[in-house]
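Open the model in your viewer and keep the selection box ready. This is a short tour, one selection at a time.

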Amino acid sequence: MVNGRRVLERFPAGGPRGSWPAEEFAHARRMEGTPAEVVMDLATDAFLVVVPGDTAVSSPSVL
């Protein structure tokens with residue numbers, strides 16, 4: 001949990017140029033009805049895809 005939010009997936013900030021894997025993953029979750037958003041974790045230099053902590057997620061990738 002990060003500030004009351006559940007982390008679904010982590011992506012390194014140094015992805016290939018023109019690639020937005022965290023945004024693409026979050027978009028796919030939103031299309032499934034999960035209110036996912038992307039935040040930056042400065043401490044680990046990674047993008048996190050998060051949902052509100054009280055959101056039920058049936059994905060096996062929940063951390």
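**Stop one: the core**

The model is predicted. Select Leu-8, Phe-11, Ala-22, Phe-25, Ala-26, Ala-36, Val-49 and Val-51: these eight residues form the largest nonpolar core. Strands β1 and β3 and helix α1 each contribute at least two of its residues. Helix α1 gives the largest share, three residues. In soluble globular proteins, nonpolar side chains tend to be buried together.

**Stop two: strand β3**

Now select residues 46-52, which are strand β3. Is this strand mostly covered or mostly open? Mostly covered: five of its seven residues are buried.

Add residues 5-12, strand β1. β1 pairs with β3 in the antiparallel sense, over seven bridges. To see one bridge, pick Val-7 and its partner in β3, Val-50.

Next add residues 37-41, strand β2. β2 and β3 are also antiparallel, and five bridges link them. Here, pick Val-39 and find Leu-48 of β3 opposite.

Follow the chain between β2 and β3. The two strands make a hairpin, with four residues between them. Stop at Asp-45 in the turn: its phi is positive, about 55°.

**Stop three: Arg-29**

Select residues 21-31 to show helix α1, then zoom to Arg-29 within it. Is Arg-29 buried or exposed? Its relative accessibility is 15%, so Arg-29 counts as buried, the cut-off being under 20%. Finish by showing its contacts. Leaving out residues up to four places away in sequence, Arg-29 touches Leu-8, Thr-34 and Ala-36. Leu-8 and Ala-36 are among the core residues from stop one.

Key. Residues numbered from 1 in each chain as written. Predicted model: local features only at pLDDT ≥ 70, side-chain atom pairs only at ≥ 80, totals over all residues. Heavy atoms only, no water. Buried < 20%, exposed > 50% of the residue type's maximum accessible area, 1.4 Å probe, protein only. Contact = heavy atoms within 4.5 Å. Pairing = 2+ DSSP bridges. Core = buried A, V, L, I, M, F, W, Y, C linked by side-chain atoms within 4.5 Å.
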